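I opened my notebook today to look up a few things in this structure. Follow along with me and check each entry against the picture.

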Amino acid sequence: MPHSSPALTLDEPASVADYTNAQGSGIIAAMDDTDGRIDGKARTRDRTDHKRGPKAAPPKAPSTGRGSRRREEIALPGGFALDESERHLMRYRRASGDSTDDGLFRVTRAIVVAGRLWRKVANDRIKSLDQTMARWETLFHVAYSDAALSQGELARLISVEGPTMVRMLDTLARDGLIEREQSTEDRRVTLNRITPAGQAAIEAIMAITNELRADVLSGIEPEKLAVTVEVLTHILRRLDAMR
């Protein structure tokens, strides 16, 4: 049964340049509602009474090549573009003197960003079904485990906190996708079982994500994919042992 490792984040907000226009100062006088006088004296019109249009904004400074390029690179959802992240790493090395193997950092960075991007794109694809990958993952475990799972077992498998899993299961039950019932062996334990509607939801999600998998992995040699699975499985087992 697959275990999901906790996702890390590598987000850095982009800086946004802005400016403010200075406003001209003016004098506020007390206005009499009945006769249009100011402070009891007849009102005289002057240039300040004429309505002025908005001031034209100052011309924008031309964008530099470096700034434009940086905005394009970090616009990629889910993490840095590879070139930008590589520059961050080099700056860190120069500033800290850290001599750790850069290859290890690049491996974990690729895993984290690829996983985050996969989830983002997959969530966008299945949004039309009113589903999310978090719901799919929970339904999949409930449907295809050897026995009915408790909320504690599901939380451990998906690597979320217990209260988070309780809310998820309550929502799935309200939507008719799972059934929740107390264990006959331990009344303190609530077991979860898939419903026909939940099974249909899994199949609808899988139809979309299978197509996405084919798009993402097409053109990669089967031998390389096999090595990828082997290495990632080894990493997952080590991470699971550290929890």
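**Entry 1: a leucine in part view.** I began with L232 and asked myself: is L232 buried, exposed or partly exposed? L232 has a relative accessible area of 35%. Buried would need under 20% and exposed over 50%, so L232 counts as partly exposed. I should say at once that this model is predicted. I then looked up where L232 sits, and found L232 in helix α8, which covers residues 222-242.

**Entry 2: its company on the surface.** Which residues form a nonpolar patch with L232? I found V107 and I111 there. Together, V107, I111 and L232 offer about 220 Å² of accessible area.

**Entry 3: the whole chain.** I stepped back to see the full set of elements. The chain has eight helices and three strands. Reading along the sequence, I wrote down the pattern α-α-α-α-β-α-α-β-β-α-α. Of the 243 residues, 21% are buried. I also noted that the chain exposes about 17900 Å², with 56% of that supplied by carbon and sulfur atoms.

**Entry 4: how the strands meet.** Which sense, parallel or antiparallel, do β2 and β3 take? Strand β2 (residues 178-182) runs antiparallel to β3, and five bridges join the two. One pair I could point to is I178, whose bridge partner in β3 is I194. Strand β1 (residues 149-150) also pairs with β3 (residues 190-194) in the antiparallel sense, over two bridges. Here I picked out L149, which has N192 as its bridge partner in β3.

**Entry 5: contacts across the sequence.** I looked at contacts in the chain with a separation of 6 or more. Residues 24 or more positions apart account for 55% of these contacts.

**Entry 6: how far to trust the picture.** The chain has a mean pLDDT of 75, and 66% of its residues reach 70 or more. Which element has the highest mean pLDDT, and which the lowest? Helix α7 (residues 196-217) has the highest, at 97, and helix α1 (residues 65-74) has the lowest, at 46. Over residues 63-78 the pLDDT is below 50, and the model gives this stretch 24 contacts beyond near neighbours in sequence. Residues 1-44 stay under 50 as well, with 49 contacts beyond four places in sequence. My reminder to myself: where pLDDT is low, the predicted coordinates should not be read in detail.

Conventions:
Residues are numbered from 1 along each chain as its sequence is written. This is a predicted model: local features need pLDDT of at least 70, side-chain atom pairs count only at pLDDT 80 or more; totals for chains, interfaces and linings use all residues. Side-chain values use heavy atoms; hydrogens and water are left out. Two strands pair if DSSP finds at least two bridges between them. Helices (H or I, at least four residues) and strands (E, at least two) are DSSP runs, numbered from the N terminus. pLDDT is the predictor's confidence in each residue, from 0 to 100. Contact means heavy atoms within 4.5 Å. Patches are made of residues with over 30% relative accessible area and no salt bridge: like charges are joined within 9 Å, nonpolar side chains (Val, Leu, Ile, Met, Phe, Trp, Tyr) within 5 Å. Accessible areas come from the Shrake-Rupley method with a 1.4 Å probe; for residues, only the protein chains shown count as cover. A salt bridge is a side-chain nitrogen of Lys or Arg within 4 Å of a carboxyl oxygen of Asp or Glu. Buried means under 20% relative accessible area, exposed over 50%, partly exposed in between (1.4 Å probe, protein chains only).
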